Amino acid sequence: MGMSVTISAATEQDAEQIFRLQYLCFQTEAALYGNYRIDPLVQTLDSVREEVARDCVFVARLGEEVVGSVRGSVTEDGAAAIGKLCVHPRLQGHGIGARLLRAAESALADQHGATRFRLHTGHRSEGNLRLYRKVGYETVGTSQGADGIPMIVLEKPAGTYAATA
């Protein structure tokens, strides 16, 4: 009998699994840009722990294993910055990313008063761009990542939550 993937708020005990999953998942992004110094690959475990304690962090679980994660926090302008969405490579393409986005968006709007959602992705990250556009995000500009990667900035208003697959 198979297990279902569940989505829940991350706990302090999840930080190490999130850290390891993030490192695994962002290898393909690093390869795409030829840059293995992107933020998700150089972030420390202590920094992940701080984000789990401070920010709105959700995980996808398959049994006890964390197989997906997303983080968000409300910025000074009322927008919720959503980032580091990742799903284990063996489970990608099954709607888990959209479910994680929906959980984060709901919590950020309902519990933290976000008026809109904002995220950044690399300009060559077509799979990411497809997902974000599919769930209602629109390009609003570009920026340069701290790691030098050209980024596309996408937003959508709060109340237009990600559809689940």
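A residue counts as buried when its relative accessible area is under 20%, and this cut-off is used at several stops of the tour through what is a predicted model.

Begin by selecting helix α5, residues 96-110. Of its 15 residues, 12 are buried, so the helix is largely enclosed by the rest of the structure. If you colour the buried positions, you will be marking Ile96, Gly97, Ala98, Leu100, Leu101, Ala103, Ala104, Glu105, Ser106, Ala107, Leu108 and Ala109. For a check on the geometry, place a distance between the end C-alpha atoms of α5: they are 21 Å apart, which agrees with the 21 Å that 15 residues should span at 1.5 Å a residue.

Stay in α5 and pick Ala98, which counts as buried because its relative accessibility is 7%, a value under the 20% cut-off. From the C-alpha of Ala98, draw a line to the C-alpha of Lys134: these two residues are 36 residues apart in sequence, and the distance in space is 9.2 Å.

Next, step back along the chain to the loop between β4 (79-87) and α5, where you will find His88. Is His88 buried or exposed? With a relative accessible area of 15%, His88 is buried, since the value falls under 20%. Show its neighbours as sticks, leaving aside residues up to four places away in sequence, and the contacts of His88 are Leu21, Leu24, Cys25, Glu65 and Val67.

Now select β4 together with strand β5, residues 116-122. The two strands pair in the parallel sense over 4 bridges, and Ala80 can be found opposite Phe117 of β5. Follow the backbone from β4 through α5 to β5, and you trace a β-α-β crossover that is right-handed. Strand β5 has 5 of its 7 residues buried, so this strand, too, is largely enclosed by the rest of the structure.

Keep β5 on display and add strand β7, residues 150-157, which runs antiparallel to β5 and is joined to it by 7 bridges. Within this pairing, Thr121 stands opposite Ile152 of β7.

From β7, extend the selection to strand β6, residues 138-144. How many bridges link β6 and β7? There are 6, and the pairing is antiparallel, with Ser143 having Met151 of β7 as its bridge partner. The hairpin formed by β6 and β7 has 5 residues between the strands, and in this hairpin Gly148 adopts a positive phi near 90 degrees. As for burial, the number of buried residues among the 7 of β6 is 0, so β6 lies largely in the open.

Turn then to the aromatic rings, where the count comes to 1 aromatic pair. Select Tyr132 and Tyr137, whose rings are arranged edge-to-face, with 6.1 Å from centre to centre and 65 degrees between the planes. Tyr132 counts as buried at 7% relative accessibility, and Tyr137 likewise counts as buried, at 2%.

For a last view, select residues 5-159, the span that an unreviewed UniProt entry annotates as "domain: N-acetyltransferase". The end C-alpha atoms of this span lie 24 Å apart, and its residues are 36% helix and 34% strand.

Definitions and conventions: Residues are numbered from 1 along each chain as its sequence is written. This is a predicted model: local features need pLDDT of at least 70, side-chain atom pairs count only at pLDDT 80 or more; totals for chains, interfaces and linings use all residues. Side-chain values use heavy atoms; hydrogens and water are left out. Buried means under 20% relative accessible area, exposed over 50%, partly exposed in between (1.4 Å probe, protein chains only). Contact means heavy atoms within 4.5 Å. Rings of Phe, Tyr and Trp (its six-membered ring) pair if their centres lie within 6.5 Å; planes under 30 degrees apart count as stacked, over 60 as edge-to-face and the rest as tilted. The expected span of a helix is 1.5 Å times one less than its number of residues. UniProt positions are given in the numbering used here, feature names are shortened, and annotations may be inferred rather than shown by experiment. Two strands pair if DSSP finds at least two bridges between them. A crossover is right-handed if, with the strands pointing away from the viewer, the path from the first strand over the helix to the second runs clockwise.
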